[in-house]
Every structure is written in structure tokens, then in C-alpha cells.
Amino acid sequence: MAVLEAVARAWSVPSRVRGLVVDGTFWYPRFPRLRRLVPNQVVLAWPEFRIEGLSKADHTAAPWLPVSELFDGAGELGGRIGGDFTNAGPETLFEALSRTSVDWDGARACPASDGSCDLSAYLLTDLGRFDSRDELFAQHGQTLCGVARLLAEPVLGRRAAGL
């Protein structure tokens with residue numbers, strides 16, 4: 001999603017992120033053998049893109065379009081089969097975005113025919129909107145477990161320092 005944000009900005013499409021604190025259990029199906037390494041809470045940067053001309057009737061956050069709505073309707077146009085994201089199969093949340101909406105607020109129903117998915121049960125805290133993911137993580141930090149932080153810090157720390 002960070003690459004998508006960078007591409008959007010390169011094309012002069014402003015972006016921001018919504019900071020979400022997601023229950024660590026959400027990630028258990030992705031890492032069944034590494035559950036002990038998954039933190040209790042994970043800070044997630046959920047991108048939004050400023051698209052002029054969006055209708056408030058169709059998009060409550062207009063002119064900002066969340067990444068989860070970016071591909072709305074793409075499944076029908078591309079002939080792909082939709083369906084909800086269940087987090088139980090091999091598909092990841094990030095792969096599912098290309099074919100279905102993801103709802104962190106519990107504002108949309110989640111029937112199979114709709115293609116949206118209510119993940120609000122996993123949302124612990126909404127941290128608000130930030131101009132960039134770097135700003136979000138500078139204020140609220142990364143939520144990697146100790147071992148992962150120890151391994152990742154040399155790389156992530158150098159990136160943040162501009163090295």
C-alpha cells in the first residue's frame with residue numbers, strides 16, 4: 001500500500017493515511033506457526049486518496065477515497081468473482097482489496113453479494129488521519145514484537161534516518 005501511495009503522489013494525487021490499531025488476533029491466520037511473534041495490537045496505515053469530483057452521496061469521506069473503495073466495481077468489470085474477505089483462506093487482506101471493499105467501521109453490511117467486508121470487530125482504536133505513514137509511525141510507533149523489532153530496526157531505522 002505504501003507503493004500505491006508513492007505512485008499516487010508521483011501522479012500528483014494527494015494521499016494521507018488513517019491510523020488504525022488492529023487486534024493482533026486478526027493476523028493469526030496469516031502466521032499460524034508464529035503467533036507468539038504477533039503483537040497484541042498492530043498499527044495499520046490505511047491509505048486514502050484525494051479524488052476531486054467524488055459525490056458525498058456515494059462516498060461519505062469525499063473528496064477522500066479510502067484504499068478499500070479504490071477498486072469498487074473492478075470485480076464486475078474484470079469478470080472476477082467477488083465475495084467477502086474471510087481471512088481464513090490463502091488470500092491476504094492486501095490481495096482482497098483488488099476485488100472487494102473492506103469496512104473498518106461496521107458501516108456496511110457484509111453479504112457475499114455485496115463484496116464488502118466488515119472488519120470492525122478487529123478495530124481497537126482509530127488514531128485519526130495523518131499526512132503520511134511516516135507521521136503516523138513517528139507519533140504512535142511501530143508495533144512489531146521484540147524479536148521482529150530487533151531484526152527490522154537496523155533496516156527501518158536507517159531508512160527513517162535517511163541513510
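Is Trp104 buried or exposed? Trp104 has a relative accessibility of 2%, and the cut-off for buried is under 20%, so Trp104 counts as buried. Before I go on, please keep in mind that this is a predicted model.

I will stay with the aromatic residues for a moment. Searching the whole structure gives four aromatic pairs. One of them joins Phe26 and Trp104, with 6.0 Å from centre to centre and 65° between the planes, an edge-to-face arrangement. Where do these two residues sit in the chain? Phe26 is in the loop between strand 1, residues 15-23, and strand 2, residues 41-50. Trp104 is in the loop between strand 4, residues 101-103, and strand 5, residues 116-118. The pair therefore ties together parts that are 78 residues apart in sequence.

Phe26 itself has 0% relative accessibility, so Phe26 also counts as buried.

Phe26 has another partner, Tyr122. Here the ring centres are 5.0 Å apart and the planes stand at 70°, which means that this pair, too, is edge-to-face. Tyr122 belongs to the loop between strand 5 and strand 6, the latter being residues 123-130. Since Phe26 is in the loop between strand 1 and strand 2, this contact ties together parts that are 96 residues apart in sequence. As for exposure, Tyr122 is at 30% relative accessibility and so counts as partly exposed.

Taken as a group, Phe26, Trp27, Trp46, Trp104 and Tyr122 make up one aromatic cluster. Within that cluster, then, Phe26 is buried at 0%, Trp104 is buried at 2%, and Tyr122 is partly exposed at 30%.

Now to the N-terminal part. Helix 1 covers residues 2-10, and Val7 is in that helix. Which residues form a nonpolar patch on the surface with Val7? They are Val3 and Trp11, and the three residues together have about 380 Å² of accessible area. Val7 on its own has a relative accessible area of 42%; the range for partly exposed runs between 20% and 50%, so Val7 falls in that class.

The last item is Ser12, in the loop between helix 1 and strand 1. The phi angle of Ser12 is near 65°, a positive value in a residue other than glycine. Is Ser12 buried or exposed? With a relative accessible area of 65%, Ser12 is exposed.

Note on methods. Residues are numbered from 1 along each chain as its sequence is written. This is a predicted model: local features need pLDDT of at least 70, side-chain atom pairs count only at pLDDT 80 or more; totals for chains, interfaces and linings use all residues. Side-chain values use heavy atoms; hydrogens and water are left out. Patches are made of residues with over 30% relative accessible area and no salt bridge: like charges are joined within 9 Å, nonpolar side chains (Val, Leu, Ile, Met, Phe, Trp, Tyr) within 5 Å. Accessible areas come from the Shrake-Rupley method with a 1.4 Å probe; for residues, only the protein chains shown count as cover. A salt bridge is a side-chain nitrogen of Lys or Arg within 4 Å of a carboxyl oxygen of Asp or Glu. Helices (H or I, at least four residues) and strands (E, at least two) are DSSP runs, numbered from the N terminus. Buried means under 20% relative accessible area, exposed over 50%, partly exposed in between (1.4 Å probe, protein chains only). Rings of Phe, Tyr and Trp (its six-membered ring) pair if their centres lie within 6.5 Å; planes under 30 degrees apart count as stacked, over 60 as edge-to-face and the rest as tilted.
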